[in-house]
Amino acid sequence: MGRKKLKIQRLEDLKARQAKYSKRKTGILKKAKELNILCEVDVVLLFFSPSGRPTLFVGQNSTGLSSILKRLSNLSFEEREERRAYTIEMLKKIYENSESEFDLLSLPHATNADTLKLYEDELQELKDKLVEKSKILRDWRNPNNVEDLNQIKMMEDHLIASLNGLRSRRNQLAMEQQIRERELEGNENLET
């Protein structure tokens, strides 16, 4: 006896929606983790629950959210649009094979000029945030410059991320050194 095919549509009951979200979120996080481990791909997932709580997943092998976002931002506008169009086409094919209805109107339809303007606004907003956060991080040496707890939290997060990066690099160098030492020992054993 197989499972019943579920018609994909919005659940009206908030409790049912939250329960379904929780169960499906667990499933997709498991799949993302498996994809990350099996294929060694960088995976980042961001969810907002029906109640507005965020969930962020960054794969184990990933070098961090900031490096993945940096890679994405380094793609040209054309490459990002090409990827978006490809993803929409894949979604259409998936929905064609299912009994669900695919609502093209729910997808963003924007002209290239509109999309470019949107990206420019987003870029300017990110640049402003970067300037603000850089200023805060520059002033971290002087505790008198701290104005609120958010600045302290950001500094703490930055220090933790830096420390984790250093630990990771130290472990990588230690492993490389052990490999070199084993190779040298192997070569010395062959010579004798």
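1. I begin with Arg84, which, at 29% relative accessibility, counts as partly exposed. The side chain of Arg84 meets that of Glu81 in a salt bridge, with 3.3 Å from N to O. Both residues lie in helix H3 (residues 77–97), where they stand 3 residues apart, about one turn of the helix. Glu81, by contrast, counts as buried, because its relative accessibility is 13% and the cut-off for buried is under 20%.

2. Before going further, please keep in mind that this is a predicted model. The mean pLDDT of the protein chain is 78, and 81% of its residues reach 70 or more. Confidence is not even along the protein chain: helix H1 (residues 14–39) has the highest mean, at 89, whereas helix H4 (residues 112–138) has the lowest, at 74.

3. As for the overall layout, the protein chain has 5 helices and 2 strands, and, when it is read along the sequence, these follow the pattern α-β-β-α-α-α-α. Of the 192 residues in the protein chain, 12% count as buried. The accessible surface comes to about 16,800 Å², and carbon and sulfur atoms account for 56% of that surface. If one takes the contacts between residues at least 6 apart in sequence, 37% of them join residues at least 24 apart.

4. The two strands deserve a paragraph of their own. Strand E1 (residues 44–48) and strand E2 run antiparallel and are joined by 5 bridges, and within this pairing Val44 stands opposite Val58 in E2. The hairpin that the strands form has 5 residues between them, and in this hairpin Gly52 takes a positive phi near 95°.

5. Which residues of strand E2 form its covered face, and which its uncovered one? In E2 (residues 54–58), Thr55 and Phe57 make up the covered face, while Pro54, Leu56 and Val58 make up the uncovered one. The general background is that side chains in a regular strand alternate between the two faces of the sheet.

6. Ser49 is worth following on the structure, since its place is in the loop between E1 and E2 and yet, at 8% relative accessibility, Ser49 counts as buried. Its side chain is joined to the side chain of Ser51 by a polar contact of 2.9 Å. If its neighbours within four places in sequence are left aside, Ser49 is in contact with Gln18 and Tyr21.

7. How many salt bridges does the count give? The count comes to 3, and one of them, between Glu81 and Arg84, was described in the opening point. Another salt bridge is formed by the side chains of Arg71 and Asp42, with 2.2 Å from N to O. Arg71 lies in helix H2 (residues 65–74) and Asp42 in the loop between H1 and E1, so this pair ties together parts that are 29 residues apart in sequence. Arg71 counts as exposed, at 53% relative accessibility, whereas Asp42 counts as partly exposed, at 34%.

8. There is also a salt bridge between the side chains of Arg10 and Glu12, with 3.2 Å from N to O. Arg10 is exposed, because its relative accessible area is 55% and the cut-off for exposed is over 50%. Glu12 is exposed as well, with a relative accessible area of 62%.

Terms used: Residues numbered from 1 in each chain as written. Predicted model: local features only at pLDDT ≥ 70, side-chain atom pairs only at ≥ 80, totals over all residues. Heavy atoms only, no water. Buried < 20%, exposed > 50% of the residue type's maximum accessible area, 1.4 Å probe, protein only. Helix = DSSP H or I, 4+ residues; strand = E, 2+ residues; numbered from the N terminus. Pairing = 2+ DSSP bridges. Contact = heavy atoms within 4.5 Å. Areas by Shrake-Rupley, 256 points an atom, 1.4 Å probe, with all protein chains shown as cover. pLDDT = per-residue confidence, 0-100. Polar contact = N/O pair within 3.5 Å; in protein donor to acceptor, adjacent residues only side chain to side chain. Salt bridge = Lys/Arg side-chain N within 4 Å of Asp/Glu carboxyl O.
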